[in-house]
Amino acid sequence: MSQEQLDNVFQAWQDNETRAEEMIPLLGKLYRQYNVIPSLYGRSLINRSVTRILKNHRYVRKVEGTELSVADTLPMVRAMTELDLGPAHIDIGRLGVAFKNAGESDVVAFLKRELADIVGRHDASGMGGEPQDVVLYGFGRIGRILARILIEKAGGGNLLRLRAIVVRGSGDDLEKRASLLRRDSVHGPFSGSIDVDTDNHALIANGHYIQIIYANSPAEIDYTAYGIDNAIVVDNTGKWRDREGLSQHLESRGVAKVLLTAPGKGDLKNIVCGINHGDIAADDRIVSAASCTTNAIVPVLKAVNDEFGILHGHVETVHSYTNDQNLIDNYHKGDRRGRSAALNMVLTETGAAKAVSKALPELSGKLTGNAIRVPTPNVSMAILNLSLERETDRDSLNEYLRQMALHSPMHKQIDYVDSPEVVSSDFVGNRHAGVIDAKATIADGKNAVLYVWYDNEFGYSCQVVRILQSMSHVHHRYLPLSP
């Protein structure tokens, strides 16, 4: 390659950097002023660096087989800021590919047609609803990730407002609590700044004032004393998993509803967002977000069952160790979990297979399950060994699942990767419930084996936030509409 050609390649990269830099404030304007949440084939474009925006554009080639650059999307973003849009999730990548494929030249006319339902619908007096107070009861792994996501999303019209975090203690550990939110060995540093208000027991994270409430039980708390009312309490402790135990939260003043971040017992609805979130009734005051594994497998199982039918199957989860296990050999009330999590693969149980029936009743009694805890701190895998009603082959099954990941209503739940080099750490921070590993798919006639990666912390927490949105009646249109 000549020097001139080398210079041209570098200049093209710099030109794209310049376009991405111009795009960032426009994306921020759409988000904060118009409550438009822009993404690119499911990859968020909010609060992203120049390099991340360019990388997200590169991703389009993998999923659509066509190039899409910031030179294609920047004119769209510019035009959208002038269309007085109403609230919506808008996939700029899908719009960009559709515009290129249509061979059109008038981007404004194209957008007015594709976004007709929201053009001119901006309401300057509000953001599409009333803000919803959220309280995190417990501040462990899931609690802290939920806090990060809620703080990140609060800049636009998400309408979910993290108002308080409840922890045990006497109030002398605020700096340590803040430090655990700032720094995370798995998910990296907090994106922004955190100040500690020691006198008032509060954290100020990216401008959001979050009360830290010290209590040993819900009975001790009056949330209205902190200006919190009609709140949804997200119980991350796992201490109570049935209606009776979780009802204690409803006795606290200022609480309207409760969401459990663990599988619910008894008659509690176990909700997997994207599958049965429509089952949440207005009078449901306590619901469960099921487990990380249930969230990972249910969307994939529904997709396969809808198209091929599932006669029966087995779910094996290869799960990262959790705080419930011992770091070194010591007494544990559970079988095998007393052995060192960092040194052993630990065979244990999972209720995920049985829990599937709560979200997908049509699969009741058709699945068995087991789990192996392994010495990694995050990201897990579910192996689905399925007997199908209808024959298929590897390529057909993969193509179907790719389409479901890209164009179905479950595109927020199902992701798809087709690389021979990915390993577990590549999925840290993935916001989908589960990721199909296409290279590992096995299909022969009526037998199929699917490998599904999932970030059992971050991906699950994103599903919890989606349920929070559903419980608080925060509903956005997703545009453009799937074909």
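**Exercise 1. The open sheet**

In β3, which residue is the bridge partner of P38? Then place the two strands in their sheet.

*Solution.* The model is predicted.

- Step 1. Find P38 and look across to β3. Its bridge partner there is I90.
- Step 2. Widen the view to the strands. β1 covers residues 36–40 and β3 covers residues 88–91. Four bridges join them, and the two strands run parallel.
- Step 3. Read the whole sheet. Four strands lie in the order β2-β1-β3-β19. The sheet is open and its pairing is mixed.
- Step 4. Mark the edges. They are β2 (43–44) and β19 (478–479), and each of these pairs on one side only.

**Exercise 2. The second largest pocket**

Describe the lining of the second largest pocket. Which element gives the most to the lining?

*Solution.* Start with the space, then sort the residues around it.

- Step 1. The volume of this pocket is about 1,500 Å³.
- Step 2. Its lining takes in 43 residues. R48, R52, V428, G429 and N430 lie nearest the pocket centre.
- Step 3. Assign residues to elements. β2, α2 (50–64), α6 (141–153) and β16 (414–417) each supply at least two lining residues. The edge strand β2 of Exercise 1 is thus one of the contributors.
- Step 4. Pick the top contributor. α2 gives the most, with seven residues.
- Step 5. Sort by chemistry. The lining holds 14 nonpolar, 15 polar and 14 charged residues.

**Exercise 3. Three salt bridges**

Take the pairs D184 with R141, D329 with R339, and R394 with D395. For each, give the closest N and O distance and say how exposed the partners are.

*Solution.* The structure holds 23 salt bridges. Work through these pairs in turn. The cut-offs needed are under 20% relative accessible area for buried and over 50% for exposed, with partly exposed in between.

- Step 1. D184 and R141 have their closest N and O atoms 2.8 Å apart. The pair links distant parts of the chain, 43 residues apart. D184 sits in the loop between α7 (174–182) and β6 (194–197), and R141 sits in helix α6. D184 is buried because its relative accessibility is 13%. R141 is partly exposed at 28%.
- Step 2. For D329 and R339, the closest N and O atoms are 3.1 Å apart. Both residues lie in the loop between β12 (310–320) and β13 (346–348), so the pair ties together parts 10 residues apart in sequence. D329 has a relative accessible area of 44%, so it counts as partly exposed. R339, at 47%, is also partly exposed.
- Step 3. For R394 and D395, the closest N and O atoms are 3.9 Å apart. R394 is partly exposed, at 31%. D395 is exposed, because its relative accessible area is 56%.

**Exercise 4. A linked set**

Which residues are linked with R58 in a network of salt bridges?

*Solution.* Follow the links from R58. The network joins R58, R61 and E67.

**Exercise 5. The setting of H319**

Is H319 buried or exposed? Locate the residue and list its contacts.

*Solution.*

- Step 1. Locate the residue. H319 is in strand β12.
- Step 2. Check accessibility. H319 has a relative accessibility of 7%, so it counts as buried.
- Step 3. List what it touches, leaving out residues up to four places away in sequence. The contacts of H319 are C292, T293, I372, R373, V374, S380, Y454 and N456.

How values were computed: Residues numbered from 1 in each chain as written. Predicted model: local features only at pLDDT ≥ 70, side-chain atom pairs only at ≥ 80, totals over all residues. Heavy atoms only, no water. Pairing = 2+ DSSP bridges. 1 Å grid on protein atoms, 1.4 Å probe; cavity = no way out; pocket = protein on both sides within 12 Å on 5 of 7 lines; lining within 4 Å. Points joined across faces, edges and corners; volume = space filled by probe spheres on them. Nonpolar A, V, L, I, M, F, W, Y, C, P; charged D, E, K, R; others polar. Salt bridge = Lys/Arg side-chain N within 4 Å of Asp/Glu carboxyl O. Buried < 20%, exposed > 50% of the residue type's maximum accessible area, 1.4 Å probe, protein only. Contact = heavy atoms within 4.5 Å.
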